[in-house]
Structure formats: structure tokens, C-alpha cells
Amino acid sequence: MNQPSLRDSGLAGKVAIVTGGSGGIGRAIVQTLAAAGMDVVFTYRGNAAAAAEITAQNVDAKISSAPLDIRDSAACAAFAEKVFERTNRIDLLVNNAGVIRDNPLTAFEDDDVRMVLETNVNGTFNVTRAVLPYMISQRSGKIVNLSSVSGEKGGRGQTNYAASKGAIDAFTRSLAVEVAPRGITVNAVAPGIIETEMSRQVRELAGDQIKSRILLRRIGQPDEVAYAVWFLSSRYADYITGQVLHVDGGFKME
């Protein structure tokens, strides 16, 4: 039996949009999809230098970037239209952009809650609503949302973040039902503790204690999440929709 490969995934020549693609997991997703032969357009907010570095390092791949505040629905609509005008198709949307602001509930400022929900939830709604009409007109497409183990298992100081990711899980399942008749699949990937800048504070505070709560006893790598996104985006996952795939090394299972 032939083993799956990036280039045999049915993605070559197709167009992907990845939000929040300038660092960490997003960057790994952009590079993995580009390696699969996709034309990848990624968005960033306030990290133009990192975005430029990605395109410069991948000169042989079709990678481009654009600044976008996903909290702005009009800007999201204009961005999607611009991508479609250039490529004449949008085959994949990866809703990766997100923020985290941890604190005990009683210590939250209003902005700590607003920023997380507006970015993680409203932003996902905005970009998906902007892209979906193009997929519907094609009667094909795949949407992969980045959730988190926090959406299901929770964690101290993460009520805002956990609520936002729980919403993404529900959004994923509901939208999968809505768009399945149009030939569109919707799934989510829920990473655990991954070695990124976003998780650095948690990793430093918890130290080895956090590894003791992971069955595989190690921190995950961005590439391991990116391969899960690649799988759900590929032809190998054509019969999968409405699912949340955990990539967490068995986090909090003991």
C-alpha cells in the first residue's frame, strides 16, 4: 500500500488562506501547505517583519501575506474578494489566528475578555463568512479551525480562552451540518501544550509539572499540529467533517 505524502494529498495547485500565519503554529501550517503544492495566502497583524521573513525563506513556494485585523468584518470581506480575484478560487481556509490573556476571572479587565472573544470567536466568524460564498459557488472546499484542549478540558486562569475555544468547537460542528450539502467539510484541530511563543509563559511557570500531565511526557512541536491540519485539508480526509482532532500527547488523561 502506498504511503500518504505531502505531494500526493490532492492539494497541489489549490489555494489556501491561513489566518495568523506569521509565527508559531501558523507559520508551520503555512510552510506545510506550501510544501504540499498549495498557493498559500496568510494574514498577520502587527508582525510584518516575520511575514516578510517567511516569504523570503520560501522563494520556491507560492506564499504571500497580507495584514488583516480579523475583528473587522468589512476588511475580511475585502481581503477574501481580493484573494479570489487573483486566484479565481479558494479551496481551504485555516482559521488559526488567536490570542491568549490568562488571569483569574476576578482579575480580568474588560479588555482581557473582549480582546480574546472578539479575536478568537468573532474573528473566526468574520473570515469564514467572507470566504464561504466562494466555496459555496465552487461546491467544494475545506475549513479547518484551530481550537485548543482548553475548550474541552479547561484550565486555571483561562476562562476567557477556554470559552472562546469551546465556542470554536461548537461552531465547527454546526457549520459542518450547514455546508455539507454544498460539498464543504469543516473540522478543527485542538492542540495541547505546543512549543510556541504563545505558550512560553505557561511552560516556564509550570516547568516539568506540566509534562507530568501529558501521557507522552513532552511538549508538542508546531509541525505536529501542522501535519494534522494538512491531513484534514487533504483528500485523505474527504469523508471527515464536524470533528475536533486533539493533538495533545494525551494531555490531562491521567
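Leaving aside neighbours within four places in sequence, leucine 11 is in contact (heavy atoms within 4.5 Å) with Leu33, Ala36, Gly37, Met38, Trp230, Ser233 and Ser234. The model is a predicted one, in which local features need pLDDT of at least 70 and side-chain atom pairs count only at pLDDT 80 or more, while totals for chains, interfaces and linings use all residues. Residues are numbered from 1 along each chain as its sequence is written, and side-chain values use heavy atoms, with hydrogens and water left out.

Leucine 11 itself sits in the segment before strand E1 (15-18); helices (H or I, at least four residues) and strands (E, at least two) are DSSP runs, numbered from the N terminus. One of its partners, methionine 38, is 27 residues away in sequence, yet the two C-alpha atoms are 5.9 Å apart in space. Leucine 11 counts as buried because its relative accessible area is 3%; buried means under 20%, exposed over 50%, and partly exposed in between, with a 1.4 Å probe and protein chains only.

Two further buried residues can be followed from here. Valine 40 belongs to strand E2 (residues 39-44) and has a relative accessible area of 0%, so it is buried. Beyond its neighbours within four places in sequence, valine 40 is in contact with Ala16, Val18, Val30, Leu33, Ala34, Lys62, Ile63 and Ser64. Of these, lysine 62 lies 22 residues from valine 40 along the chain, with 6.2 Å between the C-alpha atoms. Alanine 51 is part of helix H2 (residues 48-57), and its relative accessibility of 1% is why it counts as buried. Not counting residues up to four places away in sequence, alanine 51 touches Ser22, Phe42, Tyr44 and Ser65. The C-alpha atom of alanine 51 is 8.2 Å from that of glycine 23, and 28 residues separate the two along the chain.

The next stretch brings helix H4 and the loop after it. Glutamine 138 lies in helix H4 (residues 110-138) and is partly exposed because its relative accessible area is 25%. Its contacts, apart from neighbours within four places in sequence, are Phe84, Arg89, Ile90 and Asp91. Between glutamine 138 and alanine 180, which are 42 residues apart along the chain, the C-alpha separation is 13 Å. Arginine 139 is placed in the loop between H4 and strand E5 (141-146). Although arginine 139 is not a glycine, its phi is positive, at about 55°.

A positive phi, near 60°, also appears at arginine 217, again a residue other than glycine. Arginine 217 occupies the loop between helix H8 (208-211) and helix H9 (222-233). With a relative accessibility of 42%, arginine 217 therefore counts as partly exposed.

Attention can now turn to empty space. Rolling a probe the size of a water molecule over the atoms shows where such space is left. On a 1 Å grid over the protein atoms alone, a pocket is an open set of points where a 1.4 Å probe fits, with protein on both sides within 12 Å along at least five of seven lines. The second largest pocket holds about 210 Å³, a volume being the space filled by probe spheres set on the points. Of the 15 residues that line this pocket, Lys14, Gly141, Lys142, Ser233 and Asp238 are the closest to its centre; lining residues have an atom within 4 Å of a point. By class, the lining has 2 nonpolar, 8 polar and 5 charged residues. Here Asp, Glu, Lys and Arg count as charged, Ala, Val, Leu, Ile, Met, Phe, Trp, Tyr, Cys and Pro as nonpolar, and the others, Gly among them, as polar.

Seen as a whole, the chain has 9 helices and 7 strands. Its C-alpha trace spans about 50 × 45 × 40 Å along the principal axes. The radius of gyration is 17 Å, which agrees with the value near 18 Å for a compact globule of 254 residues; it is taken over C-alpha atoms, and the globule rule is 2.2 Å times the number of residues to the power 0.38. Buried residues make up 48% of the 254. Among contacts between residues at least 6 apart in sequence, 74% join residues at least 24 apart.
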